[in-house]
Amino acid sequence: MTQRPKLNSALSWALSLLVLLAFGWAVQHYWGWQKLFAPWKSVPIALVTLVAVAQLSSYSVRAYRVYYAEPAIPRGRWHDCLKLILLNNVINLLLPARTGEASFPVLLNRWFGVNPAKGAGTLLWLRLLDLGVLAVLALAVLGPSAIPGLPPLLLAALCLAGVASPLLALPVQARAGRVLAGHDGKVAGLVRKLLDGVPAKPSHVFVDIGLSWTAWSLKLSALAVVFAQLADLRLPDALMGAIGGDLSTVLPVHAPGGFGTYEAGVVALVALVADAGPALLAAAVNLHLLVLGVALLGGAYAWLTQPRRT
């Protein structure tokens with residue numbers, strides 16, 4: 001029984017390495033690494049530092065989101081929640097098809113004693129919040145060009161509805177609770193634990209919405225600024241690229257390390273609102289390398305300083 005998990009893990013790492021090598025060969029073959037890094041000469045080091053700080057600040061807000069959402073986490077251990085976010089993020093980036101997401105409930109249980117099913121419910125809730133933020137941002141930036149003649153008031157109403165949509169989780173949770181009432185058994189118990197990951201009070205949902213928007217605003221605004229420099233784009237168009245890259249990491253399937261899928265997300269959304277010049281793909285690769293570099297450094301720190309098991 002122990003051989004199969006080990007084999008699957010070895011295959012996942014082998015696939016990750018293969019994708020990484022193929023990505024490196026493609027970059028060298030089509031551009032050359034020296035040519036690829038050339039645009040960084042025009043980007044001030046202060047701007048790169050700003051992006052790194054903004055990305056880490058975004059992780060810090062996400063850590064508080066977990067800390068706030070899980071009362072079972074002992075108070076005063078926000079820093080350990082940050083390590084959990086950093087480690088989960090890098091594991092998820094390196095493993096294919098979002099298999100790394102399993103590390104979130106595992107680490108919650110190992111470090112804080114949170115039931116794995118409840119942790120999985122919390123993860124699902126947080127990912128839905130993330131997807132909602134990216135969808136609203138894409139609609140706000142893309143809406144006028146994708147739907148000609150769309151009235152600004154209607155666009156604003158749609159965006160506002162998207163921002164408030166997480167509140168629908170409350171009646172869904174209540175309805176599911178009534179359906180499960182009186183039902184025993186493992187399946188019903190598992191579903192109840194999953195539902196425990198969803199806030200039960202409107203005030204908690206509002207806080208989660210606010211934290212989600214804060215985290216994504218910090219990260220995406222900084223990435224948009226540096227991407228605008230790298231690709232010579234208008235800031236709104238660069239924001240679409242940043243959204244496209246991160247949207248590719250939230251979707252159910254992505255390549256190990258996000259290599260290829262991140263760049264595809266960036267180029268696809270920028271191409272909808274601007275001319276995709278020959279330098280766009282190279283700029284997308286550079287943006288990805290910056291994001292991945294910060295994530296890897298954060299993950300290494302979390303791994304080296306991880307807390308003891310509960």
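Trainee: Where is the place of Ala117?

Mentor: Ala117 sits in helix α6. Bear in mind that this is a predicted model.

Trainee: Buried or exposed?

Mentor: Ala117 counts as buried, because its relative accessibility is 14% and the cut-off for buried is under 20%.

Trainee: What does Ala117 touch, leaving out residues up to four places away in sequence?

Mentor: Leu190, Lys193 and Leu194. Leu190 is 73 residues from Ala117 along the chain, yet the C-alpha atoms of the two are separated by 6.5 Å.

Trainee: OK, stepping back. How many helices and strands are in the chain?

Mentor: 13 helices and zero strands. Read from the N terminus, every element in the run is an α.

Trainee: And what share of the residues is buried?

Mentor: Buried residues account for 45% of the 310 in the chain. As for contacts between residues at least 6 apart in sequence, 72% of them join residues at least 24 apart.

Trainee: What about confidence? What's the mean pLDDT of the chain?

Mentor: The mean is 83, with 82% of the residues at 70 or more. Among the elements, α10 has the highest mean pLDDT, 93, and helix α1 (residues 3-30) the lowest, 59.

Trainee: How should I treat the low end?

Mentor: Where pLDDT is low, don't read the predicted coordinates in detail.

Trainee: Fair. On to the core, then. How many residues has the largest nonpolar core?

Mentor: It has 38 residues. Those with the most contacts inside that core are Leu220, Leu223, Val226, Phe227, Leu233, Ile243 and Val270.

Trainee: Which elements give two or more residues to this core?

Mentor: α3 (45-69), α6 (116-146), α10 (202-231), α11 (235-250), α12 (261-273) and α13 (279-304). The largest share, 10 residues, comes from α10.

Trainee: Is there another core apart from that one, and of how many residues?

Mentor: Another core of 32 residues lies apart from it, and Val90, Trp125, Ala169 and Phe259 are among its members.

Trainee: Back to Val270. What does Val270 touch, again not counting residues up to four places away in sequence?

Mentor: Phe227, Leu233, Asp237, Met240, Gly241 and Leu280.

Trainee: And Tyr262, which helix does that lie in?

Mentor: Tyr262 is in α12. Tyr262 counts as buried, since its relative accessibility is 2%. Beyond residues up to four places away in sequence, Tyr262 touches Leu223, Gly245, Asp246, Ser248, Thr249, Ala284, Leu287, His288 and Val291.

Trainee: How far apart are Tyr262 and Val285 in space?

Mentor: 8.3 Å, C-alpha to C-alpha, with their positions 23 residues apart in sequence.

Trainee: Switching to α5. How many of its residues are buried?

Mentor: Seven of the 10 residues in helix α5 (residues 103-112) are buried, so that helix is mostly covered. The buried ones are Ser103, Phe104, Pro105, Leu107, Leu108, Trp111 and Phe112. Just after α5, Gly113 has a positive phi of about 75°.

Trainee: Trp111 and Phe112 are a ring pair, I take it. Why is the pair edge-to-face?

Mentor: Because their planes are at 80°, and planes over 60 degrees apart count as edge-to-face. The ring centres lie 6.4 Å apart. Trp111 is buried at 0% relative accessibility, and Phe112 is buried at 5%.

Trainee: How many aromatic pairs does the structure hold?

Mentor: Three. Ring pairs also link Tyr64, Tyr67 and Tyr68 into a cluster.

Trainee: Where does Arg75 lie?

Mentor: Arg75 is over the face of Tyr67, 3.9 Å from the ring centre. Arg62 lies over the face of Trp216, with 4.4 Å to the ring centre.

Trainee: What about Glu70, where is its place?

Mentor: Glu70 is in the loop between α3 and α4 (78-94). Glu70 is buried, with a relative accessible area of 0%.

Trainee: And what does Glu70 touch?

Mentor: Setting aside residues up to four places away in sequence, Glu70 touches Arg75, Leu108, Val114, Lys118, Gly119 and Thr122.

Trainee: Last one, cysteines. How many disulfides does the structure hold?

Mentor: Zero. Cys81 is buried at a relative accessible area of 1%, and Cys159 is buried at 13%.

Terms used. Residues numbered from 1 in each chain as written. Predicted model: local features only at pLDDT ≥ 70, side-chain atom pairs only at ≥ 80, totals over all residues. Heavy atoms only, no water. Core = buried A, V, L, I, M, F, W, Y, C linked by side-chain atoms within 4.5 Å. Buried < 20%, exposed > 50% of the residue type's maximum accessible area, 1.4 Å probe, protein only. Helix = DSSP H or I, 4+ residues; strand = E, 2+ residues; numbered from the N terminus. Contact = heavy atoms within 4.5 Å. Disulfide = S-S within 2.5 Å. pLDDT = per-residue confidence, 0-100. Phe/Tyr/Trp six-rings, centres within 6.5 Å; stacked < 30°, edge-to-face > 60°. Lys NZ or Arg CZ within 6 Å of the ring centre and 35° of its normal.
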